[in-house]
Amino acid sequence: MQFEKLTAAVAALRCGEVCIASGQDAMDVIASARYETGCGGLIVPKATLHEDFFHLPTGLAGEVLQKFVNYGMKIAVVGDFSQYTSKNLQDFLWESNKGKAVFFVNTEADALERLSNAR
């Protein structure tokens, strides 16, 4: 797992595989990102999240995102979410994007903009 510091406040997780499959994994990513970059915002590629994250009844999304919120790390998940047809998931993604700490976007540029403007 590596991090690329994109701005003073935002870093990107660079991991070619699933890196977040549990709440503990999320805590490890948060701690490592903070230690290595000092950033308060993290761009996370969709592919680094276990597929259960996008199946809401597993509770993984809530567990992972709660860690980010509790530890004060904003997160933007980047990827194509069009394959997911669950209304509950679509509503969850939409509601998240209205907030200030969790975003689901299509491009890294969008993620960087959202995290940079989130206060």
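Is cysteine 19 buried or exposed? Cysteine 19 is buried, with a relative accessible area of 15%. The points below start from this residue and then move through the rest of the structure, which is a predicted model.

1. **The disulfide.** The structure holds 1 disulfide. It joins cysteine 15 to cysteine 19, with an S to S distance of 1.7 Å. The link of cysteine 15 and cysteine 19 is right-handed, with 70° about the S-S bond. Cysteine 15 is buried, at a relative accessible area of 17%, and cysteine 19 is buried too, at 15%.

2. **The unpaired cysteine.** Why does cysteine 39 form no bond with cysteine 19? The sulfur of cysteine 39 is 17 Å from the closest cysteine sulfur, the one in cysteine 19, and that is too far for a bond. For a disulfide, the two sulfur atoms must lie within 2.5 Å. Cysteine 39 is buried, with a relative accessible area of 1%.

3. **Threonine 48.** This residue sits in the loop between strand 3 (41-45) and helix 2 (60-70). Threonine 48 is buried, since its relative accessible area is 1%. Leaving aside neighbours within four places in sequence, threonine 48 is in contact with Leu13, Cys15, Glu17, Val18, Cys19 and Ile20. Both cysteines of the disulfide, Cys15 and Cys19, are therefore among the contacts of threonine 48.

4. **Salt bridges of arginine 14.** A search of the whole structure finds 4 salt bridges. One of them pairs the side chains of arginine 14 and glutamate 4, at 2.7 Å from N to O. Arginine 14 lies in strand 2 (residues 10-14) and glutamate 4 in strand 1 (residues 2-5), so this pair ties together parts that are 10 residues apart in sequence. Arginine 14 also forms a salt bridge with glutamate 108, where the closest N and O atoms are 2.9 Å apart. Glutamate 108 belongs to helix 4 (residues 108-117), so the pair of arginine 14 and glutamate 108 ties together parts that are 94 residues apart in sequence. These three residues are partly exposed: arginine 14 has a relative accessible area of 31%, glutamate 4 has 37% and glutamate 108 has 30%.

5. **A salt bridge within one helix.** Aspartate 91 forms a salt bridge with lysine 87, the closest N and O atoms being 2.9 Å apart. Both residues are in helix 3 (residues 87-97), and because they are 4 residues apart, about one helical turn separates them. Aspartate 91 is partly exposed, at 35% relative accessible area, whereas lysine 87 is exposed, at 58%. As for shared partners, salt bridges join Glu4, Arg14 and Glu108 into one network.

6. **The largest nonpolar core.** Which residues touch the most other members of the largest nonpolar core? Of its 30 residues, they are Ile20, Leu42, Phe53, Phe54, Phe68 and Phe104. At least two residues of this core come from each of strand 2, helix 1 (23-37), strand 3, helix 2, strand 4 (74-78), helix 3 and strand 5 (102-105). Helix 2 gives the most, with 5 residues.

7. **Leucine 42 and the second core.** Not counting residues up to four places away in sequence, leucine 42 touches a set of residues including Phe3, Leu13, Val29, Phe68, Ile75 and Leu115. A second, separate core has 10 residues, among them Ile43, Ala76, Val105 and Ala118. Ala76 is also one of the residues that leucine 42 touches.

How values were computed:
Residues are numbered from 1 along each chain as its sequence is written. This is a predicted model: local features need pLDDT of at least 70, side-chain atom pairs count only at pLDDT 80 or more; totals for chains, interfaces and linings use all residues. Side-chain values use heavy atoms; hydrogens and water are left out. Buried means under 20% relative accessible area, exposed over 50%, partly exposed in between (1.4 Å probe, protein chains only). Contact means heavy atoms within 4.5 Å. A nonpolar core is a set of buried Ala, Val, Leu, Ile, Met, Phe, Trp, Tyr and Cys residues joined through side-chain atoms within 4.5 Å.
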